[in-house]
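Got a minute to walk through a model together? Have a look at it below.

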Amino acid sequence: TLLSNECKNGIFVAPTLIEITHIGELKHEVFGPVVHVIRFAPAALDKVIAEINSSGYGLTQGLHSRIESTAKKVFKSIKAGNIYINRNMVGAVVGVQPFGGEGLSGTGPKAGGPLYLYRLVESKCHPNINGTWCSYEFSALSAFIAKLGDIGFNSAEEKELANYANDAKHKSPLTIQVNLPGPTGELNFMFFAKRGQILCTANSKLDYARQIICALATDNTVILPEDQYSQKFSAILPTHITLVKDIEQTPDINAVLIAKNYPDYSHMAVSLAKRDGLLVMSIHEDMQGMYNLNLLTTERTVSNNITATGGNVQLMSINDTI
């Protein structure tokens, strides 16, 4: 499309479609009236989702599908802060579609959401949100608690940590879906997903155990610096706990838990700041010995135009004359 004469004296880009073969051809975000197109077969959907997630960016995701199972697969798997189904991807409304990305597109909190104010203040108050309970199996956490004796904890410590884990399960955001208002014919809700890999920093075996419990209660995996305690933790749950020697050379740290009595926080902060890639959120232990579990998850909002599901087929067809 040629630009009009009014655009000759500026730097403008006409609305453009560009077909590519793989999302890896895009090395950074492209802003403007540019749409990159990749063709794929329906059977390759899982592969396409994995490729999108590998980009590291996660602001918005759009999907058009009249198949509810497909829509659910996408919004449960895609790493994006706002997912729009069978509707446009602009015009987020405060309180209806809380807006914010994840990964390289943001660390939270979501603007205009029910938890927004609480993320900006130091408060022990719990927001009164309109939520629906969701079942969740804390299998990794249960396996960890069952093996505490292998690490050398005594019976009193095991009981304390088991109670701590039950409290973390009760407070885990993974067990709630937030119902959001919206116009007739539109379903809006917010759910929570794991943040990713959580670095634990402590100088006692008990403090490490509490941090691991919080990470597992939010479905995250754990990174531990190699020291006198971490080897045993990794041995009992190697699928969820990884040891590292050099934090500055460790990719994909999504957050760091910091114990109250951890003495090397300033040095740790400098090491994290030297890393390329994602910004790392620091989460400090509170006076009750707990960590804010909401910060260990990402908030994802789904806005679904439910009138398009099972409605007029022409609503979902492309007019070739346009």
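A short chat about a predicted model follows.

Visitor: At what angle do helix α5 and helix α6 pack, and are they roughly parallel or roughly antiparallel?
Guide: Take α5 as residues 155-171 and α6 as residues 205-216, with axes 9 Å apart. Their packing angle is about 25 degrees. Angles under 35 degrees count as roughly parallel, so α5 and α6 are roughly parallel to each other.

Visitor: And is the crossing of α5 and α6 left-handed or right-handed?
Guide: Stick with that pair, whose packing angle is about 25 degrees. The α5 and α6 crossing is right-handed.

Visitor: Just past α6, is aspartate 219 buried, partly exposed or exposed?
Guide: Look in the loop between α6 and β11 (221-225), where aspartate 219 sits. Aspartate 219 isn't a glycine, yet its phi is positive, about 70 degrees. Its relative accessible area is 32%, and the range from 20% to 50% is the in-between class, so aspartate 219 is partly exposed.

Visitor: What about asparagine 86, buried or exposed?
Guide: Asparagine 86 is in the loop between β5 (82-85) and β6. This non-glycine residue also has a positive phi, about 60 degrees. Most residues other than glycine have a negative phi. With a relative accessible area of 4%, and buried meaning under 20%, asparagine 86 is buried.

Visitor: Which residues make the nonpolar surface patch of about 460 Å²?
Guide: Start with tyrosine 116, in the loop between β6 (102-103) and β7 (131-133). Tyrosine 116 counts as partly exposed at 34% relative accessibility, and patch residues need over 30%. The patch is made by Tyr116, Leu117, Tyr118, Leu120 and Val121.

Conventions. Residues numbered from 1 in each chain as written. Predicted model: local features only at pLDDT ≥ 70, side-chain atom pairs only at ≥ 80, totals over all residues. Heavy atoms only, no water. Patch = residues over 30% accessible without salt bridge, like charges linked within 9 Å, V, L, I, M, F, W, Y side chains within 5 Å. Areas by Shrake-Rupley, 256 points an atom, 1.4 Å probe, with all protein chains shown as cover. Salt bridge = Lys/Arg side-chain N within 4 Å of Asp/Glu carboxyl O. Helix = DSSP H or I, 4+ residues; strand = E, 2+ residues; numbered from the N terminus. Buried < 20%, exposed > 50% of the residue type's maximum accessible area, 1.4 Å probe, protein only. Axes fitted to C-alpha atoms, helices over the stretch in contact; angles between N-to-C directions. Parallel < 35°, antiparallel > 145°, perpendicular 65-115°, else oblique. Left-handed = near helix turned anticlockwise from the far one by under 90°.
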